[in-house]
Amino acid sequence: MPLQPIEFTRFAPTVFHLFDRQWLLLTGGDFARGVFNTMTISWGSLGVVWGRPFVQVFVRPTRHTFEFMEHHGSFTVTAFPEQYRAALNLLGVRSGREGNKIAEAGLTPVAAAEVAAPAFAEAELVIECRKLYRATLEPAGFLDPQVEVNYPNKDYHAIYYGEVVAIRGDAKYRMD
Ligand SMILES: Cc1cc2nc3c(=O)[nH]c(=O)nc-3n(C[C@H](O)[C@H](O)[C@H](O)COP(=O)(O)O)c2cc1C
């Protein structure tokens with residue numbers, strides 16, 4: 001069943017489950033030019049700012065995906081049925097620097113509808129984003145000292161806000 005477009009005001013994800021349990025792929029780059037990379041993410045948010053719907057993602061500068069997030073104007077966030085858990089595991093432990101981990105995971109990159117960054121044929125949810133804002137986490141802002149424990153190597157995440165320009169998903173992601 002092909003994915004249906006979902007207007008953002010009708011988008012009904014279970015956000016905490018989606019990030020923390022289901023996990024997502026974050027993909028940056030340019031499908032038409034054949035330059036892109038993907039990695040598993042479980043940190044991020046969805047919301048509205050400046051009157052626009054956004055996805056916010058956290059990317060350590062050590063990730064290969066970071067280079068694509070920095071140098072390209074769009075990204076996609078995609079979710080998958082449970083049968084792809086092993087693929088998400090692999091894409092979250094192996095780096096795209098080491099070879100074609102996407103092929104190894106058995107996923108098929110495809111063109112997105114509105115942005116240069118690719119989606120995946122196997123996804124059950126595709127959120128297409130245009131980069132709107134980026135910043136690097138500033139440790140002086142950690143109000144709970146325990147947050148710093150996440151950064152023994154001082155590799156503070158870059159955060160990116162992407163304006164949501166298209167959402168496609170299966171019926172469970174859409175309000176009736
Ligand atoms: C469940 C899970 C969630 C992850 N979430 C994030 C995340 O939100 N941000 C991040 O920078 N890395 C995260 N990672 C780690 C990257 O996915 C991992 O380092 C990956 O191999 C990077 O691939 P790359 O070097 O090809 O970009 C996560 C890994 C897993 C398994």
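This is a short walk through one predicted model, from its ligand shell to its core and its N-terminal strand.

Let's start at the ligand. Which residues sit closest to it? They are His-64, Thr-65, Gly-92, Ser-95 and Gly-96, out of 19 residues that surround the ligand. Three elements give two or more residues to that shell: S3, S5 and H2. S3 gives the largest share, with four residues. By class, the shell splits into eight polar, seven nonpolar and four charged residues.

Now to H2. This helix covers residues 64-71. Three of its residues are buried: Thr-65, Phe-68 and Met-69. Why do they fall on the same side of H2? Because they span an arc of only 100° around the axis. The general rule is that an α-helix has 3.6 residues a turn, so residues three or four places apart point the same way. What do the buried residues of H2 pack against? Five strands: S2 at 24-30, S3 at 35-41, S5 at 52-59, S6 at 74-79 and S10 at 158-169. Note Thr-65 here. Thr-65 is buried in H2, and Thr-65 is also among the closest residues to the ligand.

Next, S3 again. Five of its seven residues are buried, so S3 is largely enclosed by the rest of the structure. Its partner is S2. The two strands run antiparallel, joined by seven bridges. One pairing to look at: Leu-24 stands opposite Ile-41 in S3. The hairpin has four residues between the strands. There, Gly-34 takes a positive phi near 70°.

On to the core. The largest nonpolar core has 39 residues. Which of them have the most contacts inside it? Leu-24, Leu-26, Val-55, Val-57, Val-77, Ile-127 and Cys-129. In soluble globular proteins, nonpolar side chains tend to be buried together. Take Val-57 as a case. Beyond its neighbours within four places in sequence, Val-57 contacts Leu-26, Ile-41, Gly-44, Val-77 and Tyr-160. Ile-41 links back to the hairpin, where Leu-24 is opposite Ile-41.

Last stop, the start of the chain. Gln-4 lies in strand S1, residues 4-5. Is Gln-4 buried or exposed? Exposed, because 12 other C-beta atoms lie within 10 Å, and 12 or fewer counts as exposed. Still, Gln-4 has partners far along the sequence. Gln-4 and Gly-169 are 165 residues apart in sequence, yet 5.5 Å apart in space, C-alpha to C-alpha. Leaving out residues up to four places away, Gln-4 touches Arg-168, Gly-169 and Arg-174.

How values were computed:
Residues are numbered from 1 along each chain as its sequence is written. This is a predicted model: local features need pLDDT of at least 70, side-chain atom pairs count only at pLDDT 80 or more; totals for chains, interfaces and linings use all residues. A residue is buried if 20 or more other C-beta atoms lie within 10 Å of its own, exposed if 12 or fewer, and partly exposed in between; C-beta atoms are placed from the backbone. The arc is that of the directions from the helix axis to the C-beta atoms. Two residues are in contact if their C-beta atoms, placed from the backbone, lie within 7 Å. Two strands pair if DSSP finds at least two bridges between them. A residue is near a molecule or strand if its C-beta atom, placed from the backbone, lies within 6 Å of it. Ala, Val, Leu, Ile, Met, Phe, Trp, Tyr, Cys and Pro count as nonpolar, Asp, Glu, Lys and Arg as charged, and the others, Gly among them, as polar. A nonpolar core is a set of buried Ala, Val, Leu, Ile, Met, Phe, Trp, Tyr and Cys residues joined through C-beta atoms within 7 Å.
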